[in-house]
Each structure stands twice: as C-alpha cells, then as structure tokens.
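Good morning, colleagues. Please have the sequence and the coordinates open while I speak.

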Amino acid sequence: MTSESAVAKAATHLDEKSFNNRRNNRRNNRRKNRTPRSLVLADESLEILFWMNDSNGQQDDNPLLDMSGLPKFDCIQAEHVVPAIRELLSDLEGDFQALEDDVVPTWEGLVEPLERMGDRLSFSWGAVGHLLGVKNSDAMREAEEEMQPSVVVFSLRQGQSQAVYEGLLAMREGDEWGRLDACQHRIVEGMIRDAKHSGVGLAGEDQERFNAIAEESAQLATKFSNNVLDATKAFSLMLTDEVEVVGLPESWRDLAAQSAREEGDAENATAQTGPWRLTLDHPSLQPFLEHGKNRSLREKLYRSYVTRASEGELDNAPIIARTLQLKREMAKLLGYDTFAELSLSTKMAENVGVVDSLLEKLRVASIDFAKNDLAEIEALANASGNHEGALRHWDITYWAERLREQRYDYSEEELRSYFPFPKVLDGLLALAERLFDVKFAYADGETPVWHPDVRFVRVFDRSGDQIAAFLLDPYSRPSEKRGGAWMDECVGRSTVCSDVPGQARLPVAYLVCNQTPPVGDSPSLMTFQEIETLFHEFGHGLQHMLTRVDHGLASGIRNVEWDAVELPSQFMENWAYYKQTLLGISGHVETGEPLPDALYDKIVAARTYRAGSMMLRQLNFGMTDLELHHQHDPTGDESAFDVQRRVSERTAVMQPLPEDRFLCSFGHIFAGGYSAGYYSYKWAEVLSADAFSAFEEAGLEDEVAVRDLGRKFRDTVLALGGSQAPGEVFEAFRGRAPQPDALLRHAGLA
Ligand SMILES: [Zn+2]
C-alpha cells in the first residue's frame, strides 16, 4: 500500500463510528489486575498511556480486546482475530441498535458515542490491518478475510443509518447548534454530508435507484481492475537470444530469469544465458523501456502496454462508458450537476473552475520546457549514431535515460555510504526539534513491538510534557511485510477516548518504510529516494502527533480534505533537498565525512530533470479525469477516447498513437478513489511547495526566521488538523491563498 492509500484508509476510520460501555467496565476491571510498567515517566498521563501487560499471566482476555494503552503486539496472534472481532462486532451492533432506538440529538448523546464506537473498532481492527501489513502470515490473512465482510457490513450500516442522519440534522437545526464550537460544527457537517453521499437523504424510488447504482458501480470497478490484471498477465515474451536483452542491467536479467523459471516453464533459466521473461509488470517493463537496446521489442512492449484491456473479453471500453453514465446519474440524484461537482464538494478545491485554472496555469508554464526536453533527447539520439528516423513513443524513455546518465548520473552505492540510517534518523529528529520546538527521546523496549527492528520514540513539548509517540518500522522484510511506505494511526488524540477524564489521549503514529536492511555489522545505508520517503512519512506523522485538537474526529489527519492531506508530508520532503539538512543527516559510514558538494549538486540537478515533461504527463491525467467527469456527456456522441485525444492536443508534445487505449488501464479513476480527484496530486504539491517557499523567502540560513516560521507551521498546519477548512489553515500560515509559483520554481519551470 502506498502512503496515500494508508492515509485514505486511516481517514475512513472516521466512517466507523461506535460506542460501548462494556468496554469501559472491562477495562476498569482489568486495570486492577495490571501492573504499570515502572518507567522513568514523571508525568501521570504517560504512565496511563503506556500501561503495559504484566507478564504474570493476567492475559486471561483476548489481547486484541485489551484497549488500554497501545496494542499488545507481543501477545496478539492470528487465532485471536476471529473471536475478538466477532465479540467486538456483536457488542458494537448491540450498542448501535440501542443508539438508533433512542437517538439523543446532542453532541454528548450522539457524536461522542459514535466516536467511541468507531475508536473501538479502529483500535482492534486497525491492529489486525497493521499486522497484516508488517507481519503477514497465512493464518493472519485467513483470519482477516474471514472477518472482513462482517466489518464492512457493520460500517455500511452505520454510514447509512437513517436514525443517526436525522439526529444529526436535528442537532444542526436545534438549540444544540449554538452550544457547539466551530470544530464541532465542521465535524457534524462532514458527517451529514457523508451520510447524504451514501444515499441516506433519498426516499422511495430514488433511494432504490441510488443503491442499484452503487452496487453496479462497485461491480464494474472490480471487473475493471480484474481486466487490467488479466490483460497484464496475458502478455509475456520469452527472450532466448542475447541480442534481445542487450543493454539491460544485471538486476533485470536476474528478475527476468527468475520469472522464466517460475512462470515460463524454463527451469534452467539463468541471468547470464536466459531465457528471460519480459512482461508488462512495472519491474519488468520500466527497465526494458529505459535500457533495452532492441528497438522493435521496445515498440512491441509499448504498443501492448497502451492497449491493455481494450479488446475481446477483457475490453474495458464498455465499462468506462457505463461507469461514467452511472456516476453522472448518481451525482444528479444527490443534487449535483456532474460527478466532478460531487467529488469537489468534499475537497479543499472550491469548484471545477478553480482546479481548471490551476492546471492550465501549470500547463502553460510547462509546455515549452517539455518541447525542449523532447528536442534534447532527439538531438542526442540523432548524434549517437544508434538511431534512425523520427523519434517514436517507445524511444523516449530509452533516450531520456541516456541523457540522464550523461548529465547527472551518480552511483547509488557511492551516495548510500553517506547515509547510514541511525545518522539520518538523528538528523531528521534534530531538524524537527529545531523547526517545531519539540523534543524526541528514543524509548526502545518501552512498549511491545511486532519486530525487534521497530523503533519507539516519544515526543515532548518544550515544558517536558509528553505529547505523542511514534513506532517506526524502517526495513524491508519481503517475507512478511508489504512493499511501499505508509503512515497510519495507532491511536489518535481524543478526550472522549481517553482513560483519564478531562485529559486527552495522546496520539501515536505508525511510520512504515521498506528501506535496505543492515548487512552484517554495517548499518542500513539509505538511498536518496529512501530518505525522501522517510521525510514524507514523518511529515504525515507530525500532523498526527502535533495536533492540538481534542475532538478525536478532527484531530491529526482526521477530517482533513483529501487534496490537502499531502501538505505536511511533501513539505517535509522539501527539506531533504536543502543543503544544510542533507549535510546534517549525512556522515560517511567509514570516515564520518559529510556529503561532498559535487554529489549534493547532482542530487539537486536531477530533481529538475525533464520536469516539464513529467508535469505535463500528470496534467494530462488530471485534466482528462476532470473533463470526463464534468464537461463530457457520457450519453453523447463523443467517446471517452475522443476526450483523451482532445485533452492530449493541449497536454502532450507527442500525440498518442491512434490505437492508444490508456484509459482502459487508468485504474485510479475507474477502479480507485480518484475519480475527479486525480488533480489532488498537483494541488497538494502546490500547497507544500508554497509553504516551503515561506521559509525560502525568510532565508533558510536565518536561524531565527526559520525557527519562528517553524513554530507558525506547527501552530497552524500541524496543530489544527481537520478542525478548520484547509484553505483557512493554509492562509493562517501563509498569510494569503496558495500560489503555484514556488512549485514551478522548484521544478525549474519558472
Ligand atoms: Zn503521503
């Protein structure tokens, strides 16, 4: 899972609202039998937060249902999952039924119970999901699969509860409303909106039609992804002649030979002698387009890639047309003209016009750079003596890679020696201490973890009070851990879900990366990309941990609009490019020397390589998506592919092939949650670059100015979470609305 979907998943916990008294009783009973771990913790809240299991067999209950402190990762086993979740759901269903039978339309009577119920489910079910990601096993997967349908059914029931919806409306219309603060208003408004969008406000035939659409759309989305998977799988070439793999790196040959052995019935395949199996999977495809000298194979590969899932039984074209019709119809039932309007009603961007004008501004700024990028690689190809005729689609990646090598190549191995993980982590924490006026303390061994490599770190404010903590799982473990990197909530800040009356429960984050593990006695040496990833996830973590919101439904990353949620993460990435930071986190593994200037310069230069082309490609996706879900009439004569070509006339320097059916594999918008939302990637980049530029304007070398701005960032973006509209939060920090200039400047497109 990517960090993005992890955040989205965490945010969906908001939909899982629930409550129960038994839990509190059980917890209080258990408390008497438990021994607090005698930590060097002066302040009481810590003792309560980090209560530990005593080891003398008090574990008579299922550890997944022990909701005191943090999840008991040293005790939770796959066999606990089914009984725990079954018991929990049965409790929650009873509680929810009782709530529905007697709705009290007040904050304490309705919203707080819903928060508690949701918290109980996300505590236990969240721990299961977390273990599935970091400590996977057949037994754990089976247990999760067994319980997942029941969890989904329960969540849907809550999200579509007519009684709760009416209670929320009554709150908004009655005297209660005047008693609530702005954050509470925002929480309730969001709940009403989400309920509406799940069809609760509809009646009679409209509601039936809505449900039918939702069901058909879900089936089409599944069919769409399955078709893409099947079509991807259906293509493979067994290469047997050395001349077909000239130029490919050893790592690709290894992978291709392994794939030939496993899937291609060639049990004697080796990296040196082949055969090599070429597929449309990214780890096979991408290196081949970059390094494969054999042009006709590149062409074959490219053409197969852009026509995936566009023929025969796996043809996604009819699914696209039908999906777009259904989405338009659903939007109209809910009172919007188009699906894009429905999508934007839950986002930071005010309306389609605002997004259009931002994307257009970026397009105008990038197009000439992109044309120049193409001219440069064309010149290199022509001068090389290894290329004939005009440059075609399947040549671009190949020659772009040659030019990159010529200009910016640095060996990852050379670079990695400067970034041992302990040094990088120390440097990152020191940066955050300096910027945000907090203190970190390593506390390994003070809470149960799921693997000995996991680090536990406590966060303190200036007065020495603990305010948060995080669990960092840094290294790749392919046998049990999912790839990618993500941040997730372990527990969130909340007064309602606290063990101590009047005192908020402290937030704890999971930060999960997949970087190179240590080898022998040598520490993990990080690539630059791994460093960027760590900074990114840490940025998400900061928003979760430094929140000052006590309402659990709006603290940290909760209740933050989707297109604004990547602001803190990408903001932190910017710091990785700043020289002082990079020097501060570097130290050669053997000599301790900081990163040499020449290497630093290459890292920075590589950041802007072909930035115009990259930008244009993302704009092409974002604009096509928006056009399809807004202007395009899904019942009219123009097809989705006509729209793609029309948008490409403005956003591509080389027009797509006539048979290009890229949309047939655009799962983000036809099978994921990005319909009329793909623009969010660029939107969030604008916010993060613009936020960072405030520091650049003040002078990155100016310690005092940087410190003051860091405090301000903490007090606004990091502290306010989802308690205010993201536009207001941004303006509170920046003093004005976001502008795209900094993004363009960082990308070298100004
Ligand atoms: Zn992210």
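I begin with glutamate 566, which counts as buried because its relative accessible area is 8%, under the 20% cut-off. Please note that this is a predicted model. What does this residue coordinate? Glu566 contributes OE donors to the zinc ion, alongside NE2 of His536 and NE2 of His540, at 2.1 to 2.7 Å. In sequence, the donor residues follow the spacing H-x3-H-x25-E. Histidine 540 belongs to helix α20, residues 528-545, whereas glutamate 566 sits in the loop between α20 and α21 (567-576), so the pair ties together parts that are 26 residues apart in sequence. Histidine 540 is likewise buried, with a relative accessible area of 0%.

How should the geometry of the site be classified? The four donor atoms subtend angles of 52 to 142° around the zinc ion, and the arrangement is therefore irregular. A tetrahedral label would require all angles to lie between 85 and 135 degrees.

The loop between α20 and α21 also holds asparagine 559. Its phi is near 70°, a positive value in a residue other than glycine. Asparagine 559 is buried, at a relative accessible area of 17%.

Arginine 610 also has a positive phi, of about 55°, although it is not a glycine. This arginine is placed in the loop between α23 (597-607) and α24 (611-628), and it is buried, with a relative accessible area of 13%.

On backbone geometry, I would also point to the cis peptide bond joining glycine 274 and proline 275, with omega at about -5°. Proline 275 lies in the loop between α11 (250-263) and β2 (276-279).

I turn next to a charged residue, glutamate 144, in helix α6, which covers residues 138-159. Which side chain of opposite charge is nearest to glutamate 144? That is arginine 141, 8.0 Å away, and glutamate 144 is buried yet has no salt bridge. Leaving aside residues up to four places away in sequence, glutamate 144 touches Trp125, Val128 and Leu132.

Finally, the chain as a whole. The protein chain has 30 helices and seven strands. Its C-alpha trace spans about 80 × 70 × 60 Å along the principal axes. For 750 residues, a compact globule would have a radius of gyration near 27 Å, and the chain agrees with this at 27 Å. Of the 750 residues, 57% count as buried. Among contacts with a separation of 6 or more, 73% are between residues 24 or more positions apart.

Thank you for your attention.

Note on methods: Residues are numbered from 1 along each chain as its sequence is written. Side-chain values use heavy atoms; hydrogens and water are left out. Helices (H or I, at least four residues) and strands (E, at least two) are DSSP runs, numbered from the N terminus. Buried means under 20% relative accessible area, exposed over 50%, partly exposed in between (1.4 Å probe, protein chains only). Lys and Arg count as positive and Asp and Glu as negative; His and the chain ends are not counted. A salt bridge is a side-chain nitrogen of Lys or Arg within 4 Å of a carboxyl oxygen of Asp or Glu. Contact means heavy atoms within 4.5 Å. Donors are N, O and S atoms within 2.8 Å of the metal (3.2 Å for Na, K and Ca); water is not among the atoms, so sites may look incomplete. Four donors count as tetrahedral if all angles lie between 85 and 135 degrees; four count as square planar and six as octahedral if opposite donors are over 155 degrees apart and all others between 65 and 115; anything else is irregular. The radius of gyration is taken over C-alpha atoms; the globule rule is 2.2 Å times the number of residues to the power 0.38.
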